[in-house]
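Work through the following exercises with the sequence and the model at hand. Each one sets a task and then gives a solution in steps.

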Amino acid sequence: MIQSLESTWLDAVGHQGFEIRESDGGGPRDALVMPDIATCDECLREVLDPDDRRYRYPFINCTNCGPRFSIIESLPYDREHTSMRRFAMGADCHREYHDPRDRRFHAQPNACPVCGPRLSCWNACGELVAERADALYAAVAAIRDGRIVAVKGLGGFHLMVDAGPEVAIVRLRERKHREEKPLAVMFPDVFDVRGVCQVSAMEERLLTSPERPIVLLSRVNAFSGRIAGSVEPGSAWLGSMLPYTPLPHLLMREIGQPIVATSGNLSDEPICIDEHEALERLAGIADVFLVRDRPIVRHVDDSVARIVAGRELVLRRSRSFASLPVPTSIPLPPALAVGGQMKNAVAVAVGTNAIISQHIGDLGTAQSTQAFERAIRDLERLYEWSPECVVADLHPDYRSTMDSRSRGLPVLSVQHHHAHVLACMAENEIDGPVLGVSWDGTGYGRDGTVWGGEFLLADGAQFTRFACLRPLQLIGGERAVREPRRTALALWHGLTGSIDGLDNLPIARAFTTSELALLRRMLDRGVNVPMTTSTGRLFDGVAALTGLCTHVSFEGQAAMMLESAVDPGVDGAYLCRLVSPARFAFSGWETPTWVADWGPMVQSIIEAVRGGEAPGAIAARFHAALADLIVAVAGRASRPNVVLSGGCFQNKHLAEAAIERLRAVGFRPYWHQRVPPDDGGLALGQLAFVAHAARGGGLRQAEVDEDAGGLATRGTQVLVEGGT
Ligand code: ZN
Ligand code: FE
């Protein structure tokens, strides 16, 4: 049986002939945990057939489709080891299950209205309002009414609301404390998507694939009236998806309108999976609960993907993707990788496969820390596996790093941006040496400062900081991240040495006189103005200078707005020059070979804004400038392979411009596909680091080299023996 089919683009390795090799048996347990698969066409036909015994039964499935990862308690995959074990199959289901000619032969979650899970509808107090088909109609009526319905889905609760009326969306945002972050929309079918978005052939394939992720699509019809403007304010992209289990299929058929389907949680918390927990946690958010009595074994959010440079790029790796191993070309030592702080995912190594957990989220709350611990225990139990070492980010204060030190095992630390590059190399199955372009919002540098615009010469477990962005000031530290207007001020200050003379710029109106006086004092005295090389902040500052935003409510918002603003008809690029680090203060810093000075670019942007140029033209030239900068650094580094990683490469314009320009002058660009470029991919890079270190003869070597960066390593002999 084919368990999954996925296509990836790899380089030729240069084999001269063809041979059939023996498979090597033994080895660690690497049984596959099957992914959840979207409802197949045959099941969909049956569920809509009034003569079928599963007519309108929302839990129909067969061997070709249905829940797997979200119901498996342990391996091997038998009904007894799933959350379906509490449902004894009735005579008809039993017959199908044992008939080799039946499509439901050994379909573990096989069920029907007589013997399987049931749907119920509760009010906000948890009182039963309706059951079975009536429950579905009650939920449909509530959504039509503009009310918010919490729906127990495949891997967790969704909050669903009619996507049309502005007032319904505003209410959802207020209750969920999600002010501006785009909301995903579920459409009845692909024709409805075309009414709102541009859908290429590749995008349609992704939308209708068995994985059915949320796909970021370019919105073309902003005034169709079917989607309220507040669904994705400031974004040219709409996260769109199609129903992937029978329940949403049935709901969407009744409603016939696009609906917002967002995760059932309060901002930043993990998604709810239990109906009683949901009643508590979603109290005050949902008006109605549509629930079922089949438990969810582990939370699985919707995956998010987009098409970049002609192939798919996973931005959030969860439902249907998460259980699949990521093959690498290196033997991975038995390590547990705990990932980063934001968009956390953890990973374990089984043979040459990395098993990366589903998306866990930001480790800022007690709920998410519990989800993090659960995900680790879950991987250990499923694969009957225990780690011999732990690998974490170099940042001492990440929740995941602190956790790694409490496990009684040797701990290795990997610099954040190095891990990004290693993740991209591992998924592309390439070895060093490479030039790694590692651009994101923030990461702990080897010198203890905040990095984020890094060009690393990476080779196995080693790297050198070849170039970085010119540092800029974070005025007020963390507050600067929430207020791009502060970074605009920092860019201006960097150019002129003061904050005077901002007149005629929109940004000048973003501050009160007393605010400016306070920020001036901070800059003059150098109080709470740490420096950073972050590319994310550069995006913030440019977005604020062009008047696109002054404050943000979620990570990456300013970059998203700048990307959305790009006018594709505008040619040309601003100039960033490469200069010697001696021109800038690098005392106390790990000094790079080159510094990418954004000064001339910011000067041009300010002139363009003063000249009344449209933000779309400025955004286009800014993206082109960054792509040119990558090519310029690649030219100095002279390494044919250039790896693009870090959260900035979720940006389609940036990624595509960099790929195109690198190729045009003969470099080989590599970017992500199945693993997110942002911190969701860190765990893979951390595993790859351990593998490279062990293979090179050398964890001991890595240990010595990295000691200055705060590496705490004990008992590395275990790893050297295991890895060579
Ligand atoms: Zn099926
Ligand atoms: Fe990062």
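**Exercise 1. Locate the largest cavity, describe its lining and place it relative to the domains.**

Solution. The largest share of the lining of the largest cavity comes from α7, with three residues; helices (H or I, at least four residues) and strands (E, at least two) are DSSP runs, numbered from the N terminus. The model is predicted: local features need pLDDT of at least 70, side-chain atom pairs count only at pLDDT 80 or more, and totals for chains, interfaces and linings use all residues. Residues are numbered from 1 along each chain as its sequence is written, chains are lettered from A and ligands numbered from 1 in the order in which they are written, and side-chain values use heavy atoms, with hydrogens and water left out.

Step 1: fix the rule. A cavity is a set of points, on a 1 Å grid over the protein atoms alone, where a 1.4 Å probe fits but cannot get out; lining residues have an atom within 4 Å of a point. Grid points are joined across faces, edges and corners, and a volume is the space filled by probe spheres set on the points.

Step 2: count. There are six cavities of 30 Å³ or more, and the largest cavity holds about 220 Å³.

Step 3: list the lining. The largest cavity has 24 lining residues, and those nearest its centre are Pro 58, Leu 154, Thr 245, Pro 246 and Arg 294. Two or more lining residues come from each of β3 (149-152), β4 (157-162) and α7 (246-255).

Step 4: sort the lining by class. It has 15 nonpolar, six polar and three charged residues, where Ala, Val, Leu, Ile, Met, Phe, Trp, Tyr, Cys and Pro count as nonpolar, Asp, Glu, Lys and Arg as charged, and the others, Gly among them, as polar.

Step 5: place the cavity. The largest cavity lies between domain 1 (29-116) and domain 2 (119-304), because both give residues to its lining. Domain bounds come from an automatic or database domain assignment. That assignment also gives domain 3 (450-459 + 465-670), and the centres of domain 1 and domain 3 are 52 Å apart, taken over C-alpha atoms.

**Exercise 2. Classify the pairs Trp 439 with Phe 455 and Phe 586 with Trp 589, and state whether their residues are buried or exposed.**

Solution. Step 1: set the cut-offs. Rings of Phe, Tyr and Trp (its six-membered ring) pair if their centres lie within 6.5 Å; planes under 30 degrees apart count as stacked, over 60 as edge-to-face and the rest as tilted. By this rule there are five aromatic pairs.

Step 2: take Trp 439 and Phe 455. Their ring centres are 5.7 Å apart and their planes stand at 90°, so the pair is edge-to-face. Trp 439 lies in strand β19 (residues 434-444) and Phe 455 in strand β20 (residues 450-459), 16 residues apart. Both Trp 439 and Phe 455 are buried (buried is under 20% relative accessible area, exposed over 50%, partly exposed in between, with a 1.4 Å probe and protein chains only). Together with Phe 649, Trp 439 and Phe 455 form one aromatic cluster.

Step 3: take Phe 586 and Trp 589. With centres 5.5 Å apart and planes at 80°, the pair is edge-to-face. Phe 586 is buried at 7% relative accessibility, and Trp 589 is buried at 13%.

**Exercise 3. Which rings lie under the charged ends of Arg 306 and Arg 319?**

Solution. Step 1: apply the criterion. A charge sits over a ring if NZ of Lys or CZ of Arg is within 6 Å of the ring centre and within 35 degrees of the ring normal.

Step 2: assign the rings. Arg 306 has its charged end over the ring of Trp 237, 4.4 Å from the centre. For Arg 319 the ring is that of Tyr 244, at 3.4 Å.

**Exercise 4. Find where the backbone has a cis peptide bond or a positive phi in a residue other than glycine.**

Solution. Step 1: check the prolines. The bond from Leu 75 to Pro 76 is cis, with omega near 0°, and Pro 76 is in the loop between α1 (41-47) and α2 (91-98). Gly 432 and Pro 433 are also joined by a cis peptide bond, with omega about -5°.

Step 2: check phi. Arg 132 has phi near 50°; this residue is in helix α3 (residues 132-144) and is partly exposed at 38% relative accessibility. Glu 429 has a positive phi of about 55° and is partly exposed at 32%.

Step 3: compare locations. Pro 433 is in the loop between α11 (416-427) and β19, and Glu 429 is in the loop between α11 and β19.

How values were computed: 1 Å grid on protein atoms, 1.4 Å probe; cavity = no way out; pocket = protein on both sides within 12 Å on 5 of 7 lines; lining within 4 Å.
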